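Work through the exercises below with the model open in a viewer. Try each task before reading its solution.

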Amino acid sequence: MITIREMTMDDYDAMYQLWSHTEGMGLSEADAPEQIDRYLKRNPGCCYVAVDTQFSSRNGIVGTLLAGHDGRRGYLYHMAVAAANRGQGIARQLITHSMQALEQQGIDKAHLFVMNTNEEGKAFWTASGWEQRLGLDVFSREINSES
């Protein structure tokens with residue numbers, strides 16, 4: 001039986017293990033425990049895990065979705081469902097929970113990032129009704145870097 005519940009830091013090790021085994025997932029220093037803890041505290045009620053109550057590996061966590069907002073737009077990160085549990089609607093349940101939480105906080109539009117080499121991810125999001133934004137490029141910079 002799959003249940004969806006709010007993500008907590010107690011889930012971190014199991015989540016990171018799932019992320020590490022999810023093809024197309026990009027992980028970085030931003031996924032360290034301190035960073036995820038800060039993200040969860042900044043975005044209460046927006047991040048969810050799917051738990052298989054009959055599955056003991058990874059503490060039963062078979063899906064994750066980080067979601068949050070900047071007060072204007074929502075952002076989704078690290079959607080992952082264990083390969084053995086795909087095709088059961090788990091991702092859609094996670095999306096529904098996070099999008100409802102964002103809506104309750106007054107957010108009316110959300111964006112997400114997909115690695116450009118993640119064809120399976122792009123196909124999933126397109127099939128889920130999301131549109132790829134053309135004409136935008138993402139630029140990143142370390143805060144402590146020199147000009």
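The exercises go from the sheet to single residues, each with a worked solution.

This is a predicted model, in which local features need pLDDT of at least 70 and side-chain atom pairs count only at pLDDT 80 or more, while totals for chains, interfaces and linings use all residues. Residues are numbered from 1 along each chain as its sequence is written, and side-chain values use heavy atoms, with hydrogens and water left out.

**Exercise 1. Trace the sheet and find its edge strands.**

Step 1. Take helices (H or I, at least four residues) and strands (E, at least two) as DSSP runs numbered from the N terminus. Two strands pair if DSSP finds at least two bridges between them.

Step 2. The five strands form an open sheet in the order 1-2-3-4-5, with mixed pairing. Strand 1 and strand 5 (110–112) are the edges, each pairing on one side only. Direction ignored, neighbouring strands are turned by 25 degrees against each other on average.

Step 3. Follow the bridges. Strand 1 and strand 2 (residues 48–52) run antiparallel and are joined by five bridges; Ile-4 has Ala-50 as its partner in strand 2. Ala-50 in turn has Gly-63 as its bridge partner in strand 3, and four bridges join these antiparallel strands 2 and 3. Strand 3 and strand 4 are antiparallel too, over six bridges, with Leu-66 opposite Tyr-77 in strand 4.

Step 4. The hairpin of strand 3 and strand 4 has four residues between the strands, and Gly-71 takes a positive phi near 95 degrees there.

**Exercise 2. Describe the surroundings of Asp-11.**

Step 1. Locate Asp-11 in the loop between strand 1 (2–6) and helix 1 (12–20).

Step 2. Asp-11 counts as buried because its relative accessibility is 5%. Buried means under 20% relative accessible area, exposed over 50%, and partly exposed in between (1.4 Å probe, protein chains only).

Step 3. List the contacts (heavy atoms within 4.5 Å). Neighbours within four places in sequence aside, Asp-11 touches Arg-5, Glu-6, Val-49 and Ile-61.

Step 4. With Arg-5, Asp-11 makes a side-chain to side-chain polar contact at 2.7 Å. A polar contact is a pair of N or O atoms within 3.5 Å; within protein, one must be able to donate a hydrogen and the other to accept it, and residues adjacent in sequence count only if both atoms are side-chain atoms.

**Exercise 3. Classify the ring pair of Tyr-16 and Trp-19.**

Step 1. Both residues lie in helix 1, three residues apart, about one turn of the helix.

Step 2. Rings of Phe, Tyr and Trp (its six-membered ring) pair if their centres lie within 6.5 Å; planes under 30 degrees apart count as stacked, over 60 as edge-to-face and the rest as tilted. This rule gives seven aromatic pairs.

Step 3. The centres of the Tyr-16 and Trp-19 rings are 6.3 Å apart and their planes stand at 65 degrees, so the pair is edge-to-face.

Step 4. Tyr-16 is partly exposed at 30% relative accessible area, whereas Trp-19 is buried at 1%.

**Exercise 4. Why is Cys-46 not bonded to Cys-47?**

Step 1. A disulfide is a pair of cysteine sulfur atoms within 2.5 Å.

Step 2. The closest cysteine sulfur to that of Cys-46 is in Cys-47, 6.2 Å away, which is too far for a bond. The structure holds zero disulfides.

Step 3. Cys-46 is buried at a relative accessible area of 0%, and Cys-47 is buried at 2%.

Technical notes
Axes are lines fitted to C-alpha atoms, for helices over the stretch in contact, and angles run from 0 to 180 degrees between N-to-C directions.
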